[in-house]
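Please work through the exercises below with the sequence and the three-dimensional structure at hand. Each task is followed by a solution in steps.

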Amino acid sequence: MELIDREFERKLNNLTLTVYILQAASLFVGVTAIVGIVINYLKRDDTRGTLYESHFLWQMRTFWWGLLGLALGYLTVFLLVGFLILFAVYVWLIYRVVKGFLNLNDGKPMPL
C-alpha cells in the first residue's frame, strides 16, 4: 500500500512540475499555458487532500489572472499604458512560476 502511495505521489509531483514547465514555456509560446490549464482541470480531483492541490490552485489562478491581465494590457496598448500592463503581467507570471516551482521542489504547499 505504501509503495502505491509513493508512486501516486511521484506521478502527481511530475504532473505538477510539467504544468509549471508548460507555464514557463508559455512566456515564449503562449499556447502551452492552455495545455497546462487543461491538465489542471482534468487531474484536479486526483490532487484533493494533497500538497499538490494547493499547487494546482496556484497554477489555475496564475493562468486565469494572467489571461485577464494580458487581455487588459492588449486592450489598452493604444493608450500606451498597455505596454506597462503587459510588462507587469509578464514579470508577475515569471514570479508565479518560479515561486511555485521552488515550493514544489521544497515539498511545500502554496499559500491559498
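The exercises that follow concern a predicted model.

**Exercise 1. Overall fold**

Determine how many helices and strands the protein chain has, and describe its extent and burial.

*Solution.*
Step 1. The secondary structure of the protein chain amounts to four helices and zero strands.
Step 2. Reading along the sequence gives the pattern α-α-α-α.
Step 3. The C-alpha trace spans about 60 × 25 × 20 Å along its principal axes.
Step 4. The protein chain has 112 residues, and 35% of them are buried.
Step 5. Take the contacts between residues at least 6 apart in sequence: 62% of these join residues at least 24 apart.

**Exercise 2. Nonpolar cores**

Identify which residues make up the largest nonpolar core, and state what Trp 58 touches.

*Solution.*
Step 1. The largest nonpolar core has six residues in all: Leu 12, Tyr 20, Tyr 52, Trp 58, Leu 104 and Met 110.
Step 2. At least two residues of this core come from α1, and at least two from α3.
Step 3. Leaving aside residues up to four places away in sequence, Trp 58 touches Tyr 20, Arg 96, Lys 99, Gly 100, Met 110 and Pro 111. Tyr 20 and Met 110 belong to the list of core residues as well.
Step 4. There is also a second, separate core of five residues, including Leu 15, Val 19, Ile 39 and Phe 56.

**Exercise 3. The largest pocket**

State the volume of the largest pocket, and determine which elements and which classes of residue form its lining.

*Solution.*
Step 1. The volume of the largest pocket is about 340 Å³.
Step 2. It is lined by 17 residues, of which Ser 26, Gly 30, Ala 33, Leu 70 and Leu 93 are the closest to its centre.
Step 3. Two or more lining residues come from each of α2 (31–47), α3 (51–75) and α4 (81–105).
Step 4. Of these elements, α3 gives the most to the lining, with six residues.
Step 5. By class, the lining holds twelve nonpolar residues, five polar residues and no charged residues.

**Exercise 4. Ala 24 and its distance to Leu 93**

Locate Ala 24, classify its accessibility, and give the separation of its C-alpha atom from that of Leu 93.

*Solution.*
Step 1. Ala 24 lies in helix α1, which covers residues 2–25.
Step 2. The relative accessibility of Ala 24 is 27%, so this residue counts as partly exposed.
Step 3. Ala 24 and Leu 93 are 69 residues apart along the chain, and their C-alpha atoms are separated by 8.3 Å.

**Exercise 5. An aromatic pair**

Determine what geometry the rings of Phe 63 and Trp 64 adopt, and whether each residue is buried or partly exposed.

*Solution.*
Step 1. The count of aromatic pairs comes to one.
Step 2. This pair is formed by Phe 63 and Trp 64, with 4.7 Å centre to centre and 85 degrees between the planes.
Step 3. Planes over 60 degrees apart count as edge-to-face, and the pair of Phe 63 and Trp 64 is therefore edge-to-face.
Step 4. Phe 63 counts as buried because its relative accessibility is 14%, whereas Trp 64, at 43%, counts as partly exposed.

**Exercise 6. The backbone at Leu 80**

Explain what sets the phi of Leu 80 apart, and state where this residue is found.

*Solution.*
Step 1. Most residues other than glycine have a negative phi.
Step 2. Leu 80 is not a glycine, yet its phi is positive, at about 75 degrees.
Step 3. Leu 80 is found in the loop between α3 and α4.
Step 4. With a relative accessibility of 59%, Leu 80 counts as exposed.

How values were computed: Residues are numbered from 1 along each chain as its sequence is written. This is a predicted model: local features need pLDDT of at least 70, side-chain atom pairs count only at pLDDT 80 or more; totals for chains, interfaces and linings use all residues. Side-chain values use heavy atoms; hydrogens and water are left out. Buried means under 20% relative accessible area, exposed over 50%, partly exposed in between (1.4 Å probe, protein chains only). On a 1 Å grid over the protein atoms alone, a cavity is a set of points where a 1.4 Å probe fits but cannot get out, and a pocket is an open set with protein on both sides within 12 Å along at least five of seven lines; lining residues have an atom within 4 Å of a point. Grid points are joined across faces, edges and corners, and a volume is the space filled by probe spheres set on the points. Ala, Val, Leu, Ile, Met, Phe, Trp, Tyr, Cys and Pro count as nonpolar, Asp, Glu, Lys and Arg as charged, and the others, Gly among them, as polar. A nonpolar core is a set of buried Ala, Val, Leu, Ile, Met, Phe, Trp, Tyr and Cys residues joined through side-chain atoms within 4.5 Å. Contact means heavy atoms within 4.5 Å. Rings of Phe, Tyr and Trp (its six-membered ring) pair if their centres lie within 6.5 Å; planes under 30 degrees apart count as stacked, over 60 as edge-to-face and the rest as tilted.
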